[in-house]
Amino acid sequence: MNFELSDLHLAVQESARTFAQKELKPGVIERDSGMIYPTEQVKRMGEQGFLGMMVSEKYGGGGMDTMSYVLAMEEMSKVDNSCSVIMSVNNSLVCWGIETFGTEAQKQKYLTKLATGEWIGAFCLSEPEAGSDATSQRTTAVDMGDHYVLNGTKNWITNGGTSKVHLVIAQTDPEKKHKGINAFIVETDWDGVEVGAKEDKLGIRSSDTHTIMYTDVKVPKENRIGEDGFGFKFAMKTLTGGRIGIAAQALGIAGGAFELSTAYAHERAAFGKPIINHQAIAFKLADMATDIEAAKMLVYRSAWLKDQNMDYTTASSMAKLYASEVAMKHTVEAVQIHGGYGFVKEYHVERLMRDAKITQIYEGTSEVQRIVISRQVAKGNLYVPTNKL
Ligand code: CAA
């Protein structure tokens, strides 16, 4: 067993940390307050290779492993979670989904542009009445021979207003329930694709989250992903990897709150000494450090399992469940450590606290992660996944 990061991983971590501090930190408060999309920052992320990190080099990606991606997500998320969710959806849902299950023609046409950030992608599964209950898809795609006709509404779509490509999950044969679901690559400038109003959110406010309406959209048959009926499995398998990205985001949020709180506790004095020397504060920081370290083990291990081509389904749910709970709990504590200063935007921790909440909700709520984990527990499966995929 080796708990050390390789030189390559350390280099990725360092470059992501430098990028986040230099490129994302300036203006992060204003972008969050004004719901201003980080156009320039996303462009720079693409130029630096952060939007297609795991995509093979032959399609223009970084050819890196999941562990590298997790380390980069963690550093970005200490600073700007609007940028890190844009990065996460593009990398682990859209690019990974197309590279793993798409045809060569789909990869040439779409992946090459998505991997460099020239195009941004969105993952369109959730509907007004199908969130956690993802099999209850109401969006339909009717098979017309050489194309499908797509109709329906998707909501809570990250990158909804800025994406050029949507991966849309739709029901093609309602009688077959989840086995009659398919996934399609849809270009957003096709006739019948309409972007609804931008959501005004509690956190990750400068990312663009929209409702999307599809009305009689003609989708060529070659844009279906996988065999007929593969769509629900596609969504689940893709989300299983996506959850590692969100777990890394949560880990970064907790880590960012910890770093800010520790620095503040050294600077701020009360009752004649820095507050880090008061046990009330020191113990909070000790609990934070311990929980973050535990979350880190789960997150890094789930990435490692994926990189070893081993089953990571339960591991990614555990990582997301635990890391998001740690992020929520300790960003609240970070605000408390900062006192009144924690309640104002300038000190960053209130934003991290608001951002933490969504990590318990998107890409499967904490309750959905408990469903995934408890089903394995009920089957009597020990959490020692040694089977190769
Ligand atoms: N990998 C592969 N296959 C899977 C799977 C997985 N992780 N999970 C389920 N499946 C398969 C099952 O094996 C089953 O297939 P068979 O019938 O062939 O055996 C099929 O899918 C149906 O599975 P279930 O019976 O378990 O389905 P269920 O209705 O009980 O739902 C659930 C299970 C875990 C609750 C699932 O619906 C789920 O994950 N819901 C949450 C959806 C979600 O995460 N949404 C997030 C939206 S995307 C987003 O947030 C992106 C963004 O913009 C940030």
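The following exchange takes up how several terms apply to this predicted model.

Author: In this predicted model, local features need pLDDT of at least 70 and side-chain atom pairs count only at pLDDT 80 or more, while totals for chains, interfaces and linings use all residues. Residues are numbered from 1 along each chain as its sequence is written, and side-chain values use heavy atoms, with hydrogens and water left out.

Reader: Why is F3 called exposed?

Author: The word exposed is reserved for a relative accessible area over 50%, with buried meaning under 20% and partly exposed lying in between (1.4 Å probe, protein chains only); F3 has 62%, and is therefore exposed. F3 is placed in the segment before α1 (7–24), and together with M1 and M297 it makes a nonpolar surface patch of about 450 Å².

Reader: What makes the contact of K43 with E47 a salt bridge?

Author: A salt bridge requires a side-chain nitrogen of Lys or Arg within 4 Å of a carboxyl oxygen of Asp or Glu, and the closest N and O atoms of K43 and E47 are 3.6 Å apart, which meets that limit. Both residues lie in helix α3 (residues 39–47), four residues apart, about one turn of the helix.

Reader: Are K43 and E47 buried, exposed or partly exposed, and how do you know?

Author: K43 has a relative accessible area of 48% and E47 has 46%, so both count as partly exposed.

Reader: How do you know that E293 and K296 form a salt bridge, and where do they lie?

Author: Their closest N and O atoms are 3.9 Å apart, which is within the 4 Å limit; the two residues are three apart in helix α8 (residues 279–307), and are therefore separated by about one helical turn. E293 is partly exposed, at 39% relative accessible area. Elsewhere, salt bridges that share partners join E23, E40, K43, R44 and E47 into one network.

Reader: What makes the approach of R375 to the ligand a polar contact?

Author: A polar contact is a pair of N or O atoms within 3.5 Å (within protein, one must be able to donate a hydrogen and the other to accept it, and residues adjacent in sequence count only if both atoms are side-chain atoms). An N or O atom in the side chain of R375 is 2.6 Å from an oxygen atom of the ligand, so the pair qualifies. The protein covers 76% of the 1,100 Å² of accessible area that the ligand has on its own.

How values were computed. Patch = residues over 30% accessible without salt bridge, like charges linked within 9 Å, V, L, I, M, F, W, Y side chains within 5 Å. Areas by Shrake-Rupley, 256 points an atom, 1.4 Å probe, with all protein chains shown as cover.
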